[in-house]
Amino acid sequence: MTDHAQYLIQQEPFYQPLHQEVELYQAAWDERLPVMIKGPTGCGKSRFVEYMAWKLGRPLITVACNEDMTASDLVGRYLLDADGTRWLDGPLTTAARIGAICYLDEIVEARQDTTVVIHPLTDHRRTLPLDKKGEQVAAHADFQLVISYNPGYQSLMKDLKQSTKQRFAALHFDYADPDHEADIIARETGTPRDQAVRLVKIAATARNLKGHGLDEGISTRLLVYAARLINRDIAPRLACRMALVDPITDDAEIRDTLYHAIDAVF
Ligand code: ADP
């Protein structure tokens, strides 16, 4: 039997609530509804799920989804060892057995034939069939499924099927408003608030370029990186180029625009 203690979050993660997401999630949890968290990368989705798992005192099992992932990677497989074959539960099966919150991060990255394995867990059945093993796992009463996805990357090739979407209640996330985002950066990195405010201003310029040469704006995660580099005595302009601009664009014109935005602030 898997020890569920290893999946418990020991210390309260810092999470700054922005709207009513904590109450809404709590209600969804009370009903054991599957939850979908939508929003751009680096805006706080995973941090929120960690925080909620801590607050609810539930173990959290996170899976970073990718296109090579198969149903067996989620459900489990037989392994060959010295004593013959042995079944090894996958993370979804472990979560269903121990009553964890299973967080499938960036679910659209997974192929649709992989995604469908979650279906029987998300309706009244709350079971997970292990076809290869010939076992039906009845989900623990505290099991909950949470998925995240970034609607920005949505395309016809990469989207969830309606039959999958319509199994979830959704919470819409976005970058925090400037005041809260500055608080988050200051709190997360110990950087002075006025410095955090300047970083947020640079992000605003980049976020306005979304759809005009940038696929995605500068995330809160990258602002945190920039503050950490500045804390290491890297000159702010250099830190911002390194953390905020160079990772997100290869386009010389956009880069220059953003370099100018940095120079106007620092
Ligand atoms: P994603 O949306 O990609 O899952 P994360 O949850 O990893 O993003 O957030 C990236 C970083 O942004 C976190 O590590 C944290 O530093 C910061 N962050 C964003 N929003 C919040 C928030 N509301 N409260 C606390 N930290 C936040």
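**Close-ups of charged and polar contacts**

**View 1. R86 and D81 pair up in a salt bridge.** In this predicted model, the closest N and O atoms of R86 and D81 sit 2.7 Å apart. R86 counts as partly exposed because its relative accessibility is 41%. D81 is partly exposed too, at 29% relative accessibility. Side chains of opposite charge can pair when their charged atoms come close. This pair is part of a bigger tally: the structure holds 17 salt bridges.

**View 2. K133 and E135 meet within a network of salt bridges.** Here the side chains of K133 and E135 come together with an N to O distance of 2.6 Å. K133 has 32% relative accessibility, so it counts as partly exposed. E135 is partly exposed as well, with a relative accessible area of 24%. Pan out a little and D89 and R97 join in: salt bridges link D89, R97, K133 and E135 in a network.

**View 3. D263 and R237 form a salt bridge between two helices.** The closest N and O atoms of D263 and R237 are 3.5 Å apart. D263 belongs to helix α11 and R237 to helix α10, so the pair ties together parts that are 26 residues apart in sequence. Both ends get some exposure: D263 is partly exposed at 28% relative accessibility, and R237 is partly exposed at 40%.

**View 4. A patch of negative charge gathers on the surface.** Its members are D250, D251, E253 and D256. Take D250: this residue is in the loop between α10 (236-245) and α11 (252-265). D250 counts as exposed because its relative accessibility is 75%, and the cut-off for exposed is over 50%.

**View 5. The side chain of R58 reaches the backbone of G99.** R58 is in the loop between α2 (45-56) and β2 (60-64). Loop or not, R58 counts as buried, because its relative accessibility is 11% and buried means under 20%. A polar atom of the R58 side chain lies 2.9 Å from the backbone oxygen of G99.

**View 6. The side chain of T115 makes a contact with the backbone of R111.** T115 is found in helix α5, which covers residues 112-115. With a relative accessible area of 6%, T115 is buried. The backbone oxygen of R111 is 2.9 Å from a polar atom of the T115 side chain.

**View 7. The whole chain, for orientation, has 11 helices and 9 strands.** The C-alpha trace spans about 65 × 40 × 35 Å along its principal axes. Of the 266 residues in the chain, 48% are buried.

How values were computed: Residues numbered from 1 in each chain as written. Predicted model: local features only at pLDDT ≥ 70, side-chain atom pairs only at ≥ 80, totals over all residues. Heavy atoms only, no water. Patch = residues over 30% accessible without salt bridge, like charges linked within 9 Å, V, L, I, M, F, W, Y side chains within 5 Å. Areas by Shrake-Rupley, 256 points an atom, 1.4 Å probe, with all protein chains shown as cover. Salt bridge = Lys/Arg side-chain N within 4 Å of Asp/Glu carboxyl O. Lys, Arg positive; Asp, Glu negative; His and termini not counted. Charge placed at Lys NZ, Arg CZ, Asp CG, Glu CD. Helix = DSSP H or I, 4+ residues; strand = E, 2+ residues; numbered from the N terminus. Buried < 20%, exposed > 50% of the residue type's maximum accessible area, 1.4 Å probe, protein only. Polar contact = N/O pair within 3.5 Å; in protein donor to acceptor, adjacent residues only side chain to side chain.
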